[in-house]
Amino acid sequence: MAFAFPDSVRALLPRRFRDRRPRVAVVRLSGTIGAVSPIRPGLSIGGVAGSLERAFGMPGVKAVALLINSPGGSPAQSHLIHRRIRALAEEKRLPVIAFVEDVAASGGYMIACAADEIVADPTSIVGSIGVVSSGFGFHGLLEKLGVERRVHTQGEAKSMLDPFRPEDPADVERLKRIQADVQDLFTGLVTARRPTLARTENLFTGAVWTGRQALPLGLVDALGDLRTAMRARFGETVDLRLVAEARGGLLSRILRRGGAPGGIDLAEGAMAAFAERAAFARYGL
(Lines give C-alpha, C1' and ligand atoms only; values in the text may rest on other atoms or scores of the structure.)
Protein backbone atom coordinates (compact mmCIF):
# COMPACT_ATOMS: atom_id res chain seq x y z
CA MET A 1 0.00 0.00 0.00
CA ALA A 2 1.39 3.41 -0.97
CA PHE A 3 1.87 5.93 1.86
CA ALA A 4 -0.10 9.18 1.41
CA PHE A 5 1.23 12.36 3.01
CA PRO A 6 -1.35 14.71 4.60
CA ASP A 7 -1.77 17.94 2.63
CA SER A 8 -0.28 19.98 5.48
CA VAL A 9 2.90 17.87 5.39
CA ARG A 10 3.01 17.57 1.59
CA ALA A 11 3.35 21.35 1.21
CA LEU A 12 6.68 21.21 3.08
CA LEU A 13 8.15 18.42 0.92
CA PRO A 14 10.35 18.79 -2.21
CA ARG A 15 8.37 19.16 -5.41
CA ARG A 16 9.02 15.58 -6.57
CA PHE A 17 7.18 14.32 -3.48
CA ARG A 18 4.37 16.91 -3.72
CA ASP A 19 3.54 16.27 -7.36
CA ARG A 20 0.52 13.96 -7.66
CA ARG A 21 0.26 14.19 -11.44
CA PRO A 22 0.51 10.91 -13.38
CA ARG A 23 3.99 10.71 -14.89
CA VAL A 24 5.05 9.33 -18.27
CA ALA A 25 8.74 8.92 -19.13
CA VAL A 26 9.56 9.93 -22.71
CA VAL A 27 12.58 8.57 -24.61
CA ARG A 28 13.50 9.99 -28.01
CA LEU A 29 14.99 7.47 -30.47
CA SER A 30 15.98 9.47 -33.53
CA GLY A 31 18.38 8.88 -36.42
CA THR A 32 19.85 5.99 -38.35
CA ILE A 33 20.63 2.82 -36.42
CA GLY A 34 24.19 1.57 -36.05
CA ALA A 35 27.68 3.03 -36.29
CA VAL A 36 27.46 6.02 -38.64
CA SER A 37 30.82 7.49 -37.57
CA PRO A 38 32.68 8.15 -34.29
CA ILE A 39 31.83 11.86 -34.57
CA ARG A 40 28.21 11.29 -35.63
CA PRO A 41 27.08 8.12 -33.82
CA GLY A 42 23.80 6.51 -34.75
CA LEU A 43 21.33 4.74 -32.47
CA SER A 44 22.88 1.78 -30.67
CA ILE A 45 22.22 -0.26 -27.56
CA GLY A 46 25.28 1.31 -25.95
CA GLY A 47 23.98 4.80 -26.65
CA VAL A 48 20.37 4.33 -25.52
CA ALA A 49 20.65 1.78 -22.71
CA GLY A 50 21.18 4.47 -20.07
CA SER A 51 18.17 6.49 -21.21
CA LEU A 52 15.96 3.40 -21.21
CA GLU A 53 17.12 2.39 -17.73
CA ARG A 54 16.39 5.87 -16.37
CA ALA A 55 12.98 5.98 -18.06
CA PHE A 56 11.79 2.62 -16.70
CA GLY A 57 13.30 3.36 -13.28
CA MET A 58 11.76 6.82 -12.92
CA PRO A 59 9.88 7.15 -9.59
CA GLY A 60 6.12 7.15 -9.95
CA VAL A 61 6.14 6.53 -13.71
CA LYS A 62 2.90 5.13 -15.14
CA ALA A 63 4.12 4.37 -18.67
CA VAL A 64 7.08 4.81 -21.01
CA ALA A 65 6.62 6.59 -24.33
CA LEU A 66 9.07 6.14 -27.22
CA LEU A 67 9.36 8.97 -29.73
CA ILE A 68 10.65 7.22 -32.85
CA ASN A 69 12.03 8.90 -35.95
CA SER A 70 14.32 6.45 -37.75
CA PRO A 71 14.70 5.10 -41.30
CA GLY A 72 16.43 1.97 -39.98
CA GLY A 73 19.97 0.69 -40.20
CA SER A 74 21.81 -2.12 -38.42
CA PRO A 75 19.59 -5.20 -37.87
CA ALA A 76 21.66 -6.27 -34.86
CA GLN A 77 21.43 -2.90 -33.07
CA SER A 78 17.71 -2.66 -33.89
CA HIS A 79 17.12 -6.09 -32.39
CA LEU A 80 19.25 -5.38 -29.31
CA ILE A 81 17.32 -2.16 -28.60
CA HIS A 82 14.01 -3.97 -29.16
CA ARG A 83 14.98 -6.71 -26.71
CA ARG A 84 16.17 -4.29 -24.04
CA ILE A 85 12.87 -2.37 -24.18
CA ARG A 86 10.88 -5.59 -23.85
CA ALA A 87 13.05 -6.84 -20.98
CA LEU A 88 12.62 -3.60 -19.03
CA ALA A 89 8.89 -3.43 -19.75
CA GLU A 90 8.37 -6.94 -18.39
CA GLU A 91 10.69 -6.39 -15.42
CA LYS A 92 9.04 -3.12 -14.37
CA ARG A 93 5.55 -4.15 -15.53
CA LEU A 94 5.04 -0.87 -17.36
CA PRO A 95 3.12 -0.26 -20.59
CA VAL A 96 5.14 1.06 -23.54
CA ILE A 97 3.65 3.26 -26.25
CA ALA A 98 5.60 4.16 -29.41
CA PHE A 99 4.88 7.41 -31.23
CA VAL A 100 6.08 7.63 -34.82
CA GLU A 101 7.17 11.04 -36.07
CA ASP A 102 8.47 11.28 -39.68
CA VAL A 103 9.34 7.63 -40.12
CA ALA A 104 9.64 4.26 -38.40
CA ALA A 105 10.94 2.06 -41.19
CA SER A 106 12.94 -1.16 -41.30
CA GLY A 107 14.94 -1.26 -38.04
CA GLY A 108 13.01 1.78 -36.83
CA TYR A 109 9.80 -0.22 -37.14
CA MET A 110 11.44 -3.20 -35.41
CA ILE A 111 12.10 -0.93 -32.42
CA ALA A 112 8.53 0.40 -32.55
CA CYS A 113 7.28 -3.18 -32.31
CA ALA A 114 8.80 -3.38 -28.82
CA ALA A 115 5.92 -1.15 -27.69
CA ASP A 116 2.56 -2.49 -26.61
CA GLU A 117 0.91 0.13 -28.85
CA ILE A 118 2.09 2.11 -31.86
CA VAL A 119 0.65 5.55 -32.59
CA ALA A 120 1.54 7.37 -35.81
CA ASP A 121 0.77 10.67 -37.45
CA PRO A 122 -1.46 10.23 -40.52
CA THR A 123 1.51 11.35 -42.68
CA SER A 124 4.18 9.23 -40.93
CA ILE A 125 6.00 6.63 -43.03
CA VAL A 126 5.76 3.12 -41.57
CA GLY A 127 6.92 -0.33 -42.57
CA SER A 128 9.80 -1.36 -44.84
CA ILE A 129 9.82 -4.84 -43.30
CA GLY A 130 12.71 -6.22 -45.31
CA VAL A 131 16.50 -6.44 -45.57
CA VAL A 132 18.74 -4.49 -47.93
CA SER A 133 22.46 -4.44 -48.68
CA SER A 134 24.03 -1.97 -51.09
CA GLY A 135 27.45 -0.89 -52.23
CA PHE A 136 29.58 0.02 -55.26
CA GLY A 137 31.88 -1.81 -57.65
CA PHE A 138 35.15 -0.15 -58.66
CA HIS A 139 37.00 -2.88 -60.59
CA GLY A 140 36.37 -1.17 -63.94
CA LEU A 141 37.77 2.10 -62.60
CA LEU A 142 40.95 0.38 -61.39
CA GLU A 143 41.50 -1.11 -64.83
CA LYS A 144 41.20 2.32 -66.45
CA LEU A 145 43.67 3.77 -63.96
CA GLY A 146 46.09 0.92 -64.47
CA VAL A 147 45.93 -0.09 -60.81
CA GLU A 148 46.38 -3.75 -59.93
CA ARG A 149 44.38 -5.09 -56.97
CA ARG A 150 46.29 -7.60 -54.77
CA VAL A 151 44.40 -9.55 -52.13
CA HIS A 152 45.75 -12.54 -50.15
CA THR A 153 43.41 -14.45 -47.81
CA GLN A 154 43.13 -17.62 -45.77
CA GLY A 155 39.57 -18.74 -46.39
CA GLU A 156 37.83 -18.54 -49.74
CA ALA A 157 34.99 -16.33 -48.42
CA LYS A 158 37.23 -13.87 -46.60
CA SER A 159 37.13 -11.27 -49.39
CA MET A 160 33.42 -11.71 -50.11
CA LEU A 161 31.92 -8.83 -52.11
CA ASP A 162 35.22 -6.98 -52.45
CA PRO A 163 34.16 -3.77 -54.27
CA PHE A 164 37.46 -3.67 -56.17
CA ARG A 165 36.92 -7.08 -57.81
CA PRO A 166 34.23 -8.32 -60.23
CA GLU A 167 31.09 -9.49 -58.45
CA ASP A 168 31.14 -13.23 -57.76
CA PRO A 169 27.74 -15.01 -58.11
CA ALA A 170 28.72 -17.30 -55.21
CA ASP A 171 29.22 -14.24 -52.98
CA VAL A 172 25.81 -12.88 -53.97
CA GLU A 173 24.14 -16.20 -53.22
CA ARG A 174 25.84 -16.34 -49.81
CA LEU A 175 24.69 -12.78 -49.05
CA LYS A 176 21.11 -13.63 -50.01
CA ARG A 177 21.09 -16.56 -47.60
CA ILE A 178 22.21 -14.22 -44.81
CA GLN A 179 19.53 -11.70 -45.75
CA ALA A 180 16.87 -14.43 -45.83
CA ASP A 181 17.78 -15.48 -42.29
CA VAL A 182 17.57 -11.90 -41.00
CA GLN A 183 14.27 -11.40 -42.85
CA ASP A 184 12.86 -14.56 -41.27
CA LEU A 185 13.69 -13.19 -37.81
CA PHE A 186 12.24 -9.78 -38.67
CA THR A 187 8.93 -11.11 -40.01
CA GLY A 188 8.60 -13.51 -37.08
CA LEU A 189 9.15 -10.68 -34.60
CA VAL A 190 6.59 -8.41 -36.28
CA THR A 191 4.03 -11.21 -36.54
CA ALA A 192 4.45 -12.09 -32.87
CA ARG A 193 4.23 -8.47 -31.67
CA ARG A 194 1.45 -7.41 -34.06
CA PRO A 195 -1.22 -10.16 -33.87
CA THR A 196 -3.81 -7.99 -35.65
CA LEU A 197 -1.78 -7.68 -38.86
CA ALA A 198 -3.77 -7.88 -42.07
CA ARG A 199 -2.75 -10.80 -44.26
CA THR A 200 -1.66 -9.09 -47.44
CA GLU A 201 0.86 -10.31 -50.00
CA ASN A 202 3.10 -7.24 -49.86
CA LEU A 203 3.29 -6.72 -46.09
CA PHE A 204 6.78 -8.22 -45.84
CA THR A 205 8.22 -7.05 -49.15
CA GLY A 206 9.91 -3.91 -47.83
CA ALA A 207 6.98 -1.69 -48.89
CA VAL A 208 6.06 1.38 -46.82
CA TRP A 209 2.77 3.08 -46.01
CA THR A 210 1.57 6.33 -44.49
CA GLY A 211 0.24 6.19 -40.95
CA ARG A 212 -3.30 6.45 -42.26
CA GLN A 213 -2.73 3.56 -44.68
CA ALA A 214 -0.95 1.50 -42.00
CA LEU A 215 -3.86 1.66 -39.53
CA PRO A 216 -6.22 -0.81 -41.30
CA LEU A 217 -3.23 -3.07 -42.01
CA GLY A 218 -2.56 -3.44 -38.29
CA LEU A 219 0.91 -1.94 -38.52
CA VAL A 220 -0.16 0.81 -36.08
CA ASP A 221 -2.91 0.96 -33.48
CA ALA A 222 -3.98 4.58 -33.68
CA LEU A 223 -3.35 7.96 -35.28
CA GLY A 224 -2.28 10.87 -33.13
CA ASP A 225 0.57 12.45 -31.22
CA LEU A 226 2.26 12.08 -27.85
CA ARG A 227 0.69 15.01 -25.99
CA THR A 228 -2.87 14.42 -27.16
CA ALA A 229 -2.78 10.66 -26.65
CA MET A 230 -1.23 10.81 -23.18
CA ARG A 231 -3.65 13.51 -22.04
CA ALA A 232 -6.56 11.40 -23.23
CA ARG A 233 -5.24 8.41 -21.32
CA PHE A 234 -3.86 9.93 -18.10
CA GLY A 235 -5.68 13.26 -17.89
CA GLU A 236 -4.95 16.88 -18.69
CA THR A 237 -2.35 17.16 -15.93
CA VAL A 238 -0.15 14.29 -17.13
CA ASP A 239 3.55 14.99 -16.49
CA LEU A 240 5.57 14.13 -19.63
CA ARG A 241 9.20 13.74 -18.54
CA LEU A 242 11.73 13.69 -21.38
CA VAL A 243 14.75 11.52 -20.53
CA ALA A 244 17.79 13.22 -22.04
CA GLU A 245 20.30 11.08 -23.90
CA ALA A 246 23.72 11.26 -22.24
CA ARG A 247 25.88 11.12 -25.36
CA GLY A 248 28.26 13.98 -24.54
CA GLY A 249 29.37 16.74 -26.88
CA LEU A 250 31.72 16.68 -29.83
CA LEU A 251 34.75 17.47 -27.68
CA SER A 252 34.10 14.63 -25.25
CA ARG A 253 33.68 12.15 -28.12
CA ILE A 254 36.97 13.32 -29.67
CA LEU A 255 38.75 12.96 -26.32
CA ARG A 256 37.36 9.46 -25.89
CA ARG A 257 38.86 8.62 -29.28
CA GLY A 258 42.21 10.01 -28.13
CA GLY A 259 42.62 12.30 -31.09
CA ALA A 260 42.06 15.85 -32.26
CA PRO A 261 39.73 17.17 -34.94
CA GLY A 262 41.22 17.42 -38.40
CA GLY A 263 40.41 17.27 -42.07
CA ILE A 264 39.78 13.54 -41.99
CA ASP A 265 37.38 13.87 -39.04
CA LEU A 266 35.49 16.67 -40.76
CA ALA A 267 35.27 14.70 -44.00
CA GLU A 268 34.11 11.63 -42.09
CA GLY A 269 31.44 13.66 -40.31
CA ALA A 270 30.27 15.17 -43.58
CA MET A 271 30.01 11.74 -45.22
CA ALA A 272 28.10 10.40 -42.21
CA ALA A 273 25.66 13.31 -42.39
CA PHE A 274 25.21 12.69 -46.12
CA ALA A 275 24.59 8.98 -45.55
CA GLU A 276 22.00 9.72 -42.85
CA ARG A 277 20.27 12.28 -45.08
CA ALA A 278 20.20 9.72 -47.90
CA ALA A 279 18.61 7.14 -45.58
CA PHE A 280 15.75 9.51 -44.77
CA ALA A 281 15.50 10.59 -48.43
CA ARG A 282 14.64 7.02 -49.42
CA TYR A 283 11.23 7.66 -47.88
CA GLY A 284 10.73 11.09 -49.45
CA LEU A 285 11.75 12.94 -46.28
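These entries record what I looked up in a predicted model of a protein.

**Entry 1. Overall composition**

I began with the secondary structure and found 11 helices and 8 strands in the protein. I then looked up burial: of the 285 residues, 38% count as buried. For the surface, I noted that the protein exposes about 16,500 Å², and that carbon and sulfur atoms supply 56% of that area. I also checked how contacts are spread along the sequence. Among contacts between residues at least 6 apart in sequence, 72% join residues at least 24 apart.

**Entry 2. Helix 3 against helix 4**

I next turned to a helix pair. Two packed helices are described by the angle between their axes and the distance between the axes. For helix 3 (residues 45-56) and helix 4, I recorded an angle of about 15° and a distance of 10 Å between the axes. Helix 3 is therefore roughly parallel to helix 4, since angles under 35 degrees count as such. The crossing of helix 3 and helix 4 is right-handed.

Which residues of helix 3 meet helix 4? I listed Ile45, Val48, Ala49, Leu52, Glu53 and Phe56 on the side of helix 3. On the side of helix 4, the residues met are Gln77, Leu80, Ile81, Arg84, Ile85, Leu88, Ala89 and Lys92.

**Entry 3. Salt bridges**

Side chains of opposite charge can pair when their charged atoms come close. I looked up how many salt bridges there are, and the count comes to 11.

I examined Glu101 and Arg28, whose side chains meet in a salt bridge at 2.8 Å, N to O. Glu101 lies in strand 3 (residues 96-105) and Arg28 in strand 1 (residues 23-30), so this pair ties together parts that are 73 residues apart in sequence. Are these two residues buried or exposed? Glu101 counts as partly exposed, at 28% relative accessibility, and Arg28 also counts as partly exposed, at 38%.

I then took up Asp116 and Arg86, where the salt bridge has an N to O distance of 3.6 Å. The pair links distant parts of the chain, 30 residues apart: Asp116 is in the loop between helix 5 (107-112) and strand 4 (117-120), while Arg86 is in helix 4 (residues 75-92). Asp116 is partly exposed, with a relative accessible area of 38%. Arg86, by contrast, is buried, because its relative accessible area is 14% and the cut-off for buried is under 20%.

I followed strand 4 to Glu117, whose side chain meets that of Arg233 in a salt bridge at 2.8 Å, N to O. Arg233 is in helix 9 (residues 226-234) and Glu117 in strand 4, so that the pair links parts of the chain 116 residues apart. I found Arg233 partly exposed, with a relative accessible area of 40%, and Glu117 partly exposed at 28%.

I closed this entry with a network of salt bridges, in which Arg21, Arg23, Asp239 and Arg241 are linked.

**Entry 4. Ser74**

Where does Ser74 lie? I placed Ser74 in the loop between strand 2 (61-70) and helix 4. At 22% relative accessibility, Ser74 counts as partly exposed. Leaving aside residues up to four places away in sequence, I noted that Ser74 touches Ile33 and Gly34. I also looked up the separation of Ser74 and Gly107: they are 33 residues apart in sequence and 6.9 Å apart in space, C-alpha to C-alpha.

Conventions: Residues numbered from 1 in each chain as written. Predicted model: local features only at pLDDT ≥ 70, side-chain atom pairs only at ≥ 80, totals over all residues. Heavy atoms only, no water. Salt bridge = Lys/Arg side-chain N within 4 Å of Asp/Glu carboxyl O. Helix = DSSP H or I, 4+ residues; strand = E, 2+ residues; numbered from the N terminus. Buried < 20%, exposed > 50% of the residue type's maximum accessible area, 1.4 Å probe, protein only. Contact = heavy atoms within 4.5 Å. Areas by Shrake-Rupley, 256 points an atom, 1.4 Å probe, with all protein chains shown as cover. Axes fitted to C-alpha atoms, helices over the stretch in contact; angles between N-to-C directions. Parallel < 35°, antiparallel > 145°, perpendicular 65-115°, else oblique. Left-handed = near helix turned anticlockwise from the far one by under 90°.
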